[in-house]
Amino acid sequence: GPGAHAAAGRPRRDQGVRGESVADDRQARPRGAGEAIRVLIVDDHALFRRGLEMVLEQEDDVEVVGEAGDGAEAIEKAQELMPDVVLMDVRMPRRSGIEATQTIKDLIPHAKILMLTISDEEADLYDAIKAGANGYLLKEISIEEVANAIRSVAQGQSLISPSMASKLLNEFATMVKRADEKQQVPTPRLTEREMEVLKLVAKGHNNRDIAKELYISENTVKNHIRNILEKLHLHSRMEAVVYAVREKLLEIK
């Protein structure tokens, strides 16, 4: 009955303690095949965090290891809990989600960061990508879709809400115009193979899928991606995707 429900919601404290001791044991190990995806939820609305947590608790392969209410706390918790994926709000007190993203990316490069925000400002999206975010989703998506988004990002895919993707194109069109006015050095040429790899990255494939598709080793894929990023002066796969779209190398549906 309702009594049981209330009780189920209550024992947060010892759950937290249990979660932390588990986290400490596993901190040093990267996630193995059957292990749940460790998720840190960062949002300044406690109710939203709780809602997300309740939905994600239903998923066998997702484990919420902690939560934070602002960017500064997010950075502390991320170092302590070593999450695989951080769900990050953009606008929060103390330190913004963008600042926190940049710091967490520096401290824990393997952590994937998925922005989950109500902000559909192009500037926020662009800053998030520059800070190294692996995805940018608007809170208009249904809460059930969040688990799938976490899985995709954990596997190395990049995600952008469709409505934001079109804004992104406009934002970049303006940037390209500005760059042209400055008459910048011509873009370095990518080899045919690099183009193939870039297109597959942009489709959201991870290195293993790309290796299979092109009949090359995962290591070779990594080297191609490193090369592409260096040639284009980019910092992340996500930026490479944005670049590819901007240069009309592929169409966003």
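Hi everyone, let me start with a definition: a charge sits over a ring if NZ of Lys or CZ of Arg is within 6 Å of the ring centre and within 35 degrees of the ring normal. Lys139 fits that description, lying over the face of Phe48 at 4.2 Å from the ring centre.

Some ground rules before we go on. This is a predicted model, where local features need pLDDT of at least 70 and side-chain atom pairs count only at pLDDT 80 or more, while totals for chains, interfaces and linings use all residues. Residues are numbered from 1 along each chain as its sequence is written, and side-chain values use heavy atoms, with hydrogens and water left out.

Now, the helices. By helix I mean a DSSP run of H or I with at least four residues, numbered from the N terminus. Which residues of α10 are buried, meaning under 20% relative accessible area with a 1.4 Å probe, protein chains only? In α10, residues 207–214, they are Asn207, Ile210, Ala211 and Leu214. Looking down the axis of α10, these fall within an arc of 100°, taken from the directions from the helix axis to the C-beta atoms, so they line one face of the helix. They pack against α9 (192–202), α11 (218–231) and α12 (237–246). Following α10 comes Tyr215, with a positive phi near 55°.

Next, two of those partners together. The axes of α9 and α11 are 10 Å apart, at an angle of about 95°; axes here are lines fitted to C-alpha atoms over the stretch in contact, and angles run from 0 to 180 degrees between N-to-C directions. That makes α9 and α11 roughly perpendicular, the class for 65 to 115 degrees. On the α9 side, the contact (heavy atoms within 4.5 Å) is made by Arg193, Glu194, Val197, Leu198 and Val201. On the α11 side, His224, Ile225, Asn227, Ile228 and Lys231 take part.

Let me finish with two single residues. Is Arg49, in helix α3 (residues 46–57), buried or exposed? Arg49 counts as buried, because its relative accessibility is 13%. Setting aside neighbours within four places in sequence, Arg49 contacts Ile41, Asp43, Asp44, Glu67, Ala68 and Gly69.

Then there is Val153 in helix α7, residues 145–154. Val153 is at 0% relative accessibility and so counts as buried. Its contacts, again without neighbours within four places in sequence, are Lys112, Leu114, Asn134 and Leu159. Leu114 is 39 residues away along the chain, yet the C-alpha atoms of Val153 and Leu114 are separated by 7.3 Å. Thanks for listening!

Conventions
Buried < 20%, exposed > 50% of the residue type's maximum accessible area, 1.4 Å probe, protein only. Helix = DSSP H or I, 4+ residues; strand = E, 2+ residues; numbered from the N terminus. Parallel < 35°, antiparallel > 145°, perpendicular 65-115°, else oblique.
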